[in-house]
Amino acid sequence: VDEIKMEIEREEISLADMLKTLKRRIFEEKELSLLKFFEEMHSKRELVTAFIAVLEIVRTEGVKLLQSKTFGDIILRKVT
């Protein structure tokens, strides 16, 4: 039996696009689970881009990282 392997190339998302997506989600939902957001990524490259976007948005926007318990989920929250 011949096994057919198929690879589908995904278009990679730019850091600017990831920042726009992240900013829109935070400002619409007021807070966002980092675990949930990172689970939506489809490749290691997208995950790294998402992580850099999180660091950038916390640095430049009115957004805080909150963690209620050690090893718990980290929440991005819009600062009012």
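## Salt bridges in the model

A salt bridge is a side-chain nitrogen of Lys or Arg within 4 Å of a carboxyl oxygen of Asp or Glu. Side chains of opposite charge can pair when their charged atoms come close. The structure described here is a predicted model, and it holds six salt bridges. Three of them are treated below, together with the packing of two helices.

## Lys23 and Glu61

One salt bridge joins the side chains of Lys23 and Glu61, with a nitrogen-to-oxygen distance of 3.1 Å. This pair links distant parts of the chain, for its members are 38 residues apart. Lys23 belongs to helix 1, while Glu61 is found in the loop between helix 3 and strand 2 (63-67).

Both residues have intermediate accessibility. Lys23 has a relative accessible area of 33% and is therefore partly exposed. Glu61, at 28%, also counts as partly exposed.

## A network around Arg25

Arg25, Glu29 and Glu40 are linked in a network of salt bridges. Within this network, the closest N and O atoms of Arg25 and Glu29 are 3.3 Å apart. Both residues lie in helix 1, where four residues, about one turn of the helix, separate them. Arg25 also meets Glu40 in a salt bridge, with an N to O distance of 2.7 Å. Because Glu40 lies in the loop between helix 2 (34-39) and helix 3, whereas Arg25 is in helix 1, this pair ties together parts that are 15 residues apart in sequence.

The accessibility of the three residues may be considered in turn. Arg25 has a relative accessibility of 11%, and since buried means under 20%, Arg25 counts as buried. Glu29 is partly exposed, with a relative accessible area of 36%. Glu40 is likewise partly exposed, at 32%.

## The packing of helix 1 and helix 3

Two packed helices are described by the angle between their axes and the distance between the axes. For helix 1 (residues 15-29) and helix 3 (residues 44-60), the axes come within 9 Å and cross at roughly 60 degrees. Helix 1 is therefore oblique to helix 3. The crossing of the two helices is right-handed.

On the side of helix 1, the contact involves Leu15, Met18, Leu19, Leu22, Lys23 and Ile26. These meet a set of residues in helix 3 that includes Glu46, Thr49, Ala50, Ile52 and Ala53; Val54, Glu56 and Ile57 also take part. The residues of this contact divide into 10 nonpolar, one polar and three charged. Lys23 thus appears in two settings: in the contact with helix 3 and in the salt bridge with Glu61.

How values were computed:
Residues are numbered from 1 along each chain as its sequence is written. This is a predicted model: local features need pLDDT of at least 70, side-chain atom pairs count only at pLDDT 80 or more; totals for chains, interfaces and linings use all residues. Side-chain values use heavy atoms; hydrogens and water are left out. Axes are lines fitted to C-alpha atoms, for helices over the stretch in contact, and angles run from 0 to 180 degrees between N-to-C directions. Angles under 35 degrees count as roughly parallel, over 145 as roughly antiparallel, 65 to 115 as roughly perpendicular and the rest as oblique. A crossing is left-handed if the near helix is turned anticlockwise from the far one by less than a right angle, and right-handed if clockwise. Contact means heavy atoms within 4.5 Å. Ala, Val, Leu, Ile, Met, Phe, Trp, Tyr, Cys and Pro count as nonpolar, Asp, Glu, Lys and Arg as charged, and the others, Gly among them, as polar. Buried means under 20% relative accessible area, exposed over 50%, partly exposed in between (1.4 Å probe, protein chains only).
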